[in-house]
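These are my notebook entries from an afternoon spent looking things up in one structure. I wrote them down in the order in which I checked them.

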Amino acid sequence: MKLSTKNARDGYLLVAPIALGCLLFYALPFVLVLRHSVMQGVGAGQHFVGADNYISVWNNEMFRLAFWNTMRFLLVGLPLILAVSYAIALLLKNQAQKHKLLKSVLLFPYIMPVIGVVLVVDLVFGEVGLLNKVLLAVGLPIEDWLNSPISFWVVMALYIWKNAGYSIILLLSGLAMIPEDQYAAAQIDGASGFQQFWYITVPQMWYAVFFTTIFSLINAFKCFREIFLIGGTHPHEDIYMLQHFINNCFENLSYPKLAVASVLLLIVVAVVFALMYFWVNRKERFRA
Amino acid sequence: MANRTDVAKMKKCLTGTLIAALLFTALSGCAAVNPQPAQEDDGPITLRVVTNAQDVSELDYSNNRNYSMYDEIKRLIKAFESDHEGVTIELEVLPIDDEEQETRLSQLRTEIMAGNGPDIYMMDSGVTAVQKSGSTIYVYPFAAEISVFPDVASAMRKGVFYDIGEFYDADEELDKDALVTGVMNAGVVGDARYVLPLRYNLPVVYANKTALEDSGIDIQRIKGSVTGLYDELLTKGGDWSRCPVNVRYNYPFFAFSDLVDYDAQTVSLTADEVSNYLRNVQSAMLQAHVIISSLPELDENTVIFSWVLSSAASVAKTSQKNEVELEAFPLRSVDGDVVANVTTWAAVGIDCAHPDVAYDFLRQFLMEDSQWEERWSVAAYRNGDYIAGCPVRPEETDDETVLALFTTDVDICRFDFTAEKDFASTIRKLYDYEITQDGYVFAAGDMDVDTAARALIDALRWHMAEG
């Protein structure tokens, strides 16, 4: 056997376990979901219906509400968490190198049990929570915050608080890769702080920002756990997400609907991911 | 170093495998709507039955206020297996513990989705919760958070059940004239028959016949609809302490003939219809100064109340004891229809390999001798506490009024579903009460009628969108 063939064979053997796992637990289920999305019925009674399910789901008002809420959460939450994490990462850049414990502290909100966090949210924002007690004491009107449009912002604040630390760690890693002598040289040349940030930091942070965005996106979907514990299967309509729709469809045995919702969500996420990837690749072309 | 050609070849090979797997999986799903039953053979047949009927044999009957079909199911399984050699029926009873039940129901749904669903379902309808307290099992309508089929009517349209219409239509031994047609139609969608209703319930007005005739109330009007009942009592009822209008909100959807259109996936009921009805309800609750919380007895002090069909035997017994002539009639919907709901049903799973055998087993539950004899005797033992309606009309009973109720034609028969639970709890917010020495005293609640009506319509919209 030629060495190149042997190397190729050995390589594929090494990746085989993970590839098999991905195939069994990701690729194959995805294919089955795709199949469910074009079928009606269950089990032996399934039959092909083409795009009927997609048309039906797209015209479904609750799906549209869930889809819009999810997109709104991502469109608002991702830039916000990036901005907050970036700012904090820049501020902590120097300190993080000196105080290793700081990175661990930043992760505390991320690792806190979801139940405990939701309890605190309820204690503060619940109908008989701390906030309402304070407002009542000062004579201001009270509100059932978790069952009102404000619930969206409560959940948003929770998402940023919980996940900003993780994003900061990722961005700090990116910042640490930028050579300090570039900043020193820029300073000697009279560049202001903003100019150093714009011309040195930003161009070299695209990959870090890209990965942070991906993980923030994943964490945004994980936020469903908190929303579910706060609002149940049918929370206020402003925080009714695609995961609620999918979960409820599963309980109602509406497998085609949940399959279609999953596929449409995947398409949106894949398009966003692809656009970001090409953008970052373009920006990072100078490294090649 | 790996050769570029080798890498390209491997990539092509992997891509080809993936596309082949995709096509195979997609094409293998192109099955017929009506799968062909397994060919008859001489091999042993095993049918898997899933039920939530609990085993109450070890419990103290005098404390057990609800009748479980478990004994009947076991008895008929034994009889069927002895008559059909080579057929084994495995009975699975869903767990009673909330957490265990939730886990098992998730597993069941996954099995159904994967095409490994049970052969036979025998279930209480909708969101009935079965809970155990000490030696007693209680059945609470609308207390369960989850159910295998939150909406059976919707499940019928999703192809979860086998169309047993051909077996039912060809069954000449089954006396279909003896069945309450309106109830049996609950299991029909178009030309297909998916579900066999086994028990049902409907709201009934019980009255002291003599006192009612002497009261000046227009009896025909109160028999006409629930709105007529409320209007007549509110304007002419007089002393409400004799007239605890305790309409059983366990099944609040009785009040409406038309709720949702499953085929168009829309809500037929309007907020105005609900508001008008709830206004009546709230007026009645607030004007009825004293409500007796437990099952009332008809006497000279209690002239009229509404309850459900399943309490008919008990009410008849106590009326006899109190020497009151019983008048009883269905409480009709706002539109004047007799609306019933299926409380227990059975169906053959779509994945059943022997649907003909499964139907043979299920039809036993519609044969008269399995429906009434034992149930009347059990009900008598328990002072007639609970005996639900059954599609098979009884031929005789101790009380003619009770017999008439159990043979009443039904205009509309539905299955419970989760939105009804929301409605029941929403109605509860229309009034508040305190417990006094004389009983319950009511006052207006936090929620206004229009808000409650909109909440119900929203609940129905959610239900149709996700169902």
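**Two helices in chain B**

I noted that H2(B) and H12(B) are oblique to each other. The model in front of me is a predicted one, and I kept that in mind for every entry. I looked up the angle behind that word and found that helix H2 (residues 70–83) of chain B and helix H12 (residues 355–363) of chain B pack at about 130°, with their axes 10 Å apart. Because angles over 145 degrees would count as roughly antiparallel and those from 65 to 115 as roughly perpendicular, oblique is the word that applies here. I also recorded that H2(B) passes H12(B) in a right-handed crossing.

**Salt bridges**

How many salt bridges are there over all chains? I found the count to be 21.

In chain A, I looked up A:Lys93, which forms a salt bridge with A:Glu180, and the closest N and O atoms are 4.0 Å apart. This pair links distant parts of the chain, since A:Lys93 belongs to helix H3 (residues 61–98) of chain A and A:Glu180 to helix H9 (residues 180–188) of chain A, 87 residues apart. I then compared the two partners and saw that A:Lys93 is buried, at a relative accessible area of 15%, whereas A:Glu180 is partly exposed, at 49%.

In chain B, I found a salt bridge between the side chains of B:Glu111 and B:Arg104, at 3.2 Å from N to O. B:Glu111 counts as partly exposed because its relative accessibility is 23%, while B:Arg104 counts as buried at 14%.

My next entry concerns B:Arg221, which forms a salt bridge with B:Glu232, the closest N and O atoms being 3.0 Å apart. B:Arg221 lies in helix H8 (residues 219–224) of chain B and B:Glu232 in helix H9 (residues 226–236) of chain B, so this pair ties together parts that are 11 residues apart in sequence. I wrote down that B:Arg221 counts as partly exposed at 36% relative accessibility, but B:Glu232 counts as buried at 2%. Returning to B:Arg104 and B:Glu111, I saw that salt bridges with shared partners join them with B:Arg48 and B:Glu92 into one network.

**A nonpolar patch in chain A**

Is A:Phe25 buried or exposed? I found that A:Phe25 is exposed, because its relative accessible area is 62%, and that this residue is found in helix H1 (residues 3–37) of chain A. A:Phe25 is part of a nonpolar surface patch with A:Leu20, A:Leu23, A:Leu24, A:Tyr26, A:Leu28 and A:Leu32, and together these residues have about 730 Å² of accessible area.

Methods
Residues are numbered from 1 along each chain as its sequence is written. Chains are lettered from A and ligands numbered from 1 in the order in which they are written. This is a predicted model: local features need pLDDT of at least 70, side-chain atom pairs count only at pLDDT 80 or more; totals for chains, interfaces and linings use all residues. Side-chain values use heavy atoms; hydrogens and water are left out. Patches are made of residues with over 30% relative accessible area and no salt bridge: like charges are joined within 9 Å, nonpolar side chains (Val, Leu, Ile, Met, Phe, Trp, Tyr) within 5 Å. Accessible areas come from the Shrake-Rupley method with a 1.4 Å probe; for residues, only the protein chains shown count as cover. Helices (H or I, at least four residues) and strands (E, at least two) are DSSP runs, numbered from the N terminus. Buried means under 20% relative accessible area, exposed over 50%, partly exposed in between (1.4 Å probe, protein chains only). Axes are lines fitted to C-alpha atoms, for helices over the stretch in contact, and angles run from 0 to 180 degrees between N-to-C directions. Angles under 35 degrees count as roughly parallel, over 145 as roughly antiparallel, 65 to 115 as roughly perpendicular and the rest as oblique. A crossing is left-handed if the near helix is turned anticlockwise from the far one by less than a right angle, and right-handed if clockwise.
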